[in-house]
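Here are a few exercises to work through with the model open beside you. Take them in order, and try each one before reading its solution.

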There are 2 protein chains.
Amino acid sequence: MVHIYTGNGKGKTTASIGLAVRALGHGFKVYMGQFMKGQIYGELRTLEKLGVLVERFGTDNCIISLEHVQDIDREKAKAGYERVKEVITSGKYDLVILDEICICPFFKLLTTEEIIDLIKIKPDNTELVLTGRYAPEELFDHADLITEMKEIKHYYNTMGLMARDGIER
Amino acid sequence: MVHIYTGNGKGKTTASIGLAVRALGHGFKVYMGQFMKGQIYGELRTLEKLGVLVERFGTDNCIISLEHVQDIDREKAKAGYERVKEVITSGKYDLVILDEICICPFFKLLTTEEIIDLIKIKPDNTELVLTGRYAPEELFDHADLITEMKEIKHYYNTMGLMARDGIER
């Protein structure tokens, strides 16, 4: 099965972490590749402790528009793509999470076709989870489960608060 | 802060589990109370191993409409409510997750006012996370962050598949 968690609301990455925890509870092997992220976030330490292989394919650059994307971001994303292709085809993992991959086409780090190719090469018994806002609609036909996380209210906006350790990262 | 994860899409409970994992990565103390659930799901075993106190206030009854609610469900929900009130006021936990509490008013297991009271008694430094579909709108004014998980596509509908171990439970 292929899941997509997209939308502008909070809960996409955390939902995939929750899926990882649930899968681990059943003895499944779990891999998480994070695109566009360079920093080590709190959740990764815990996931790693639980035996999840976590790899990051981003930099600490804060990319909020296309002009912020640098060559190094493109290189890291491409290298990450090759790496996750290997991971998926290996069939070693029951659950493969590709965090923030859905936003990569928007920032021209990967193409939609490249992501569809990952879905196509996936072994039948591998569960593939793709997260990130702005998931291109062309992806939807290739997914079995799609949830849009829709922001209804967020303290970023109402209170001007930024990301906090332990809650947002 | 008070978070609400509601809507008909997949990812509400898993997002709260992800928040728990993230908080644990920062050394926070985490409590999870699950309303309307009696069964032990895969994720709980892993969360418990990580030091999260998980308690359940439901039965194995499958409640899909008001007519399915039995006295035992109401009693368990009421007892759970008293228990989580204690947990919240104790101030012992940095993160308190009340899973499926948002749907309790819909099934007349708890009132919306009772849930608002929990928000009001919460110590300032306790992060409170409420999940469940059909969250009553009266709750929204009392929350800082609200995400609606919107189902766009689900294999329950397209393929007639039911919940699978390690993925849905």
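**Exercise 1.** Work out how contacts in chain A are spread along the sequence, and how the chain is built and packed.

Solution. Start with contacts in this predicted model between residues at least 6 apart in sequence: in chain A, 72% of them join residues at least 24 apart. Next, list the elements: chain A has 5 helices and 6 strands, in the order β-α-β-α-β-α-β-α-β-β-α from the N terminus. Now check the packing. A compact globule of 169 residues would have a radius of gyration near 15 Å, and chain A agrees because its own value is 15 Å. Finally, 48% of the residues of chain A count as buried.

**Exercise 2.** Describe the side of chain A that touches chain B.

Solution. First count: the contact takes 45 residues from chain A and 45 residues from chain B. Then assign them to elements: α1 (12-25), α2 (42-49) and β6 (145-153) of chain A each supply at least two residues, with α1(A) giving the largest share, 12 residues. By type, this side of chain A holds 21 nonpolar, 13 polar and 11 charged residues.

**Exercise 3.** Find how β6(A) is joined to β6 of chain B.

Solution. Look at the bridges: 7 of them link the two strands, which run antiparallel. Then pick out a facing pair: Glu151(A) stands opposite Thr147(B).

**Exercise 4.** Which residues have the most contacts inside the largest nonpolar core?

Solution. This core has 94 residues, and the answer is Ala20(A) and Ala20(B). To follow one of them, set aside neighbours within four places in sequence: the contacts of Ala20(B) then include Val30(B), Leu47(B) and Ile97(B).

Technical notes: Residues numbered from 1 in each chain as written. Chains lettered and ligands numbered in written order. Predicted model: local features only at pLDDT ≥ 70, side-chain atom pairs only at ≥ 80, totals over all residues. Contact = placed C-beta atoms within 7 Å. Helix = DSSP H or I, 4+ residues; strand = E, 2+ residues; numbered from the N terminus. Nonpolar A, V, L, I, M, F, W, Y, C, P; charged D, E, K, R; others polar. Pairing = 2+ DSSP bridges. Core = buried A, V, L, I, M, F, W, Y, C linked by C-beta atoms within 7 Å. Buried ≥ 20, exposed ≤ 12 C-beta atoms within 10 Å, placed from the backbone. Rg over C-alpha atoms; globule rule 2.2 N^0.38 Å.
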